[in-house]
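Subject: The structure for you, with notes

Hello,

Here is the structure I promised to pass on. Please open it alongside this email, and then read on for what turned up.

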Amino acid sequence: MDSFKILNDNRIYKITRDNFEKLTDKKHPYCQEIRKRMRYLAICPACGNPINFIGLYVKDQTDRKRIRALHGRHFTENVPQLADFDEYEYKDCPFHNDKAGKLYTDIPGQKKNNEIVRLIKTYPEELRECISKILGFHISQNKFEKLLTSFVSSKGYYFEGITKFNLPYYFLYLLPNQKLFKCKVLDNDIEQAIDRKCKYFEVSKEKRLEKKVNEYVEFEFILVEHIKKDESESINYKLIERKKEIRNLIFENRLEINHYLFVDMISGK
Ligand SMILES: [Zn+2]
């Protein structure tokens with residue numbers, strides 16, 4: 001199918017990466033790791049069952065030799081906090097057995113992607129440093145391991161166009177919404193934005209991101225809306241704080257991709 005719905009909204013949206021990012025902030029329950037794989041989920045506009053996006057970031061998550069066009073397919077099990085699977089509705093759904101999932105075209109070998117895996121394994125510290133620089137937050141080893149697990153489960157290294165030149169940016173772009181807490185703030189503009197706009201967080205004297213209220217609140221980052229034009233590429237970086245349904249955009253910056261950030265760091269090593 002080529003359209004989807006989200007929670008608490010009756011509108012029907014066309015399945016595009018842009019719509020998915022804008023409507024979900026790449027956040028749970030629309031991004032969930034189920035059986036060690038990152039799933040991008042929404043709701044079937046016809047039957048209300050969960051659907052799974054195929055080819056949203058990585059062309060194919062099941063067979064690496066084949067490529068499938070972006071589409072949605074019913075996800076035939078309950079998805080916590082999104083939708084329960086209803087078999088009766090599913091069998092009755094006009095999108096049931098749609099042919100979209102059967103459109104295959106072959107793509108050539110994936111040698112380059114082994115290169116990406118090799119780079120991550122060989123230079124994890126350099127990658128972590130780049131990521132900290134881009135985000136303006138110190139990313140601890142512990143946090144980095146978690147990001148790495150998430151990147152692997154989204155099969156991000158198969159993302160089309162990922163190279164050693166854009167690796168740290170694409171790495172972040174392919175992650176679902178990530179929470180930050182207590183990490184050190186490295187960037188002055190971000191610190192000022194937190195001071196000025198945050199209702200639930202502050203930067204401590206030690207320059208750490210801290211909660212300033214007692215309720216359950218979240219502070220998160222996402223990179224969305226990747227644009228590539230000739231030689232220049234950019235991705236939109238957002239920081240958001242949340243309390244239940246309240247969402248405050250704290251910081252937004254379109255990052256111009258520096259194609260030498262990572263390669264300069266690993267050159268000569
Ligand atoms: Zn359906």
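Two strands count as paired here if DSSP finds at least two bridges between them. With that in mind, one open sheet has four strands in the order β3-β4-β5-β7, with antiparallel pairing. β3 (31–34) and β7 (71–74) stand at its edges with a single partner strand each, so one side of each has no neighbour in the sheet. From one strand to the next, the twist averages 45°. Please keep in mind throughout that this is a predicted model.

Some pairings in that sheet are easy to find by eye. β3 and β4 are antiparallel and share four bridges, and E33 stands opposite M38 in β4. The hairpin of β3 and β4 has two residues between the strands, and R35 takes a positive phi near 50° there. Over at β7, the pairing with β5 is again antiparallel, over four bridges. I54 has H71 in β7 as its bridge partner.

Now for the chain as a whole. It has eight helices and 14 strands. Of its 269 residues, 32% are buried. Among contacts with a separation of 6 or more, 61% are between residues 24 or more positions apart.

A second open sheet is worth a look. Its four strands come in the order β9-β12-β13-β14, with antiparallel pairing. Here β9 (178–179) and β14 are the edge strands, each pairing on one side only. β9 and β12 run antiparallel and are joined by two bridges: Q178 has F221 in β12 as its bridge partner, and K179 has E220. F221 also has a bridge partner in β13, namely L239. That belongs to the pairing of β12 with β13, which is antiparallel and extends over ten bridges. The hairpin of these two strands has two residues between them, and D230 takes a positive phi near 45°.

Which strands does α7 lie across? They are β13 and β14, and the helix runs at about 160° to β14. The buried residues of α7 are I190, A193 and I194. Seen down the helix axis, these residues fall within an arc of 100°, so they line one face of α7. The spacing fits a general rule. An α-helix has 3.6 residues a turn, so residues three or four places apart point the same way. The buried residues of α7 pack against β10 (201–203), β13 and β14. On the face turned away from them, α7 carries the exposed residues N188, D189, D195 and R196.

Next, the interior. The largest nonpolar core has 59 residues, and I131, Y170 and L172 touch the most other members. Two or more residues of this core come from each of β4 (37–43), β5 (50–54), α4 (124–135), α6 (167–173), α7 (188–197), β12 (218–229), β13 (232–243) and β14 (246–256). The largest share, six residues, comes from α6. The core draws at least three residues from each of domain 1 (3–106) and domain 2 (111–266). In soluble globular proteins, nonpolar side chains tend to be buried together.

If you would like a place to begin in the core, try L172. Leaving aside neighbours within four places in sequence, L172 is in contact with I131, I134 and L223.

One loop residue also caught my eye. F159 lies between α5 (141–153) and α6. Is F159 buried or exposed? It is buried, because 20 other C-beta atoms lie within 10 Å, and 20 or more is the cut-off for that label. Apart from neighbours within four places in sequence, F159 is in contact with Y57, V58, Y170 and L174. Y170, you may recall, is one of the residues that touch the most other members of the core. F159 and G55 are 104 residues apart in sequence, and their C-alpha atoms are 9.7 Å apart in space.

If you want a short route through the model, begin with the sheet that has β3 and β7 at its edges. Then go to α7 where it lies across β13 and β14, and finish at F159 in the loop between α5 and α6.

Best wishes, and happy browsing

Terms used. Residues are numbered from 1 along each chain as its sequence is written. This is a predicted model: local features need pLDDT of at least 70, side-chain atom pairs count only at pLDDT 80 or more; totals for chains, interfaces and linings use all residues. A residue is buried if 20 or more other C-beta atoms lie within 10 Å of its own, exposed if 12 or fewer, and partly exposed in between; C-beta atoms are placed from the backbone. Two residues are in contact if their C-beta atoms, placed from the backbone, lie within 7 Å. A nonpolar core is a set of buried Ala, Val, Leu, Ile, Met, Phe, Trp, Tyr and Cys residues joined through C-beta atoms within 7 Å. Domain bounds come from an automatic or database domain assignment. Axes are lines fitted to C-alpha atoms, for helices over the stretch in contact, and angles run from 0 to 180 degrees between N-to-C directions. The arc is that of the directions from the helix axis to the C-beta atoms.
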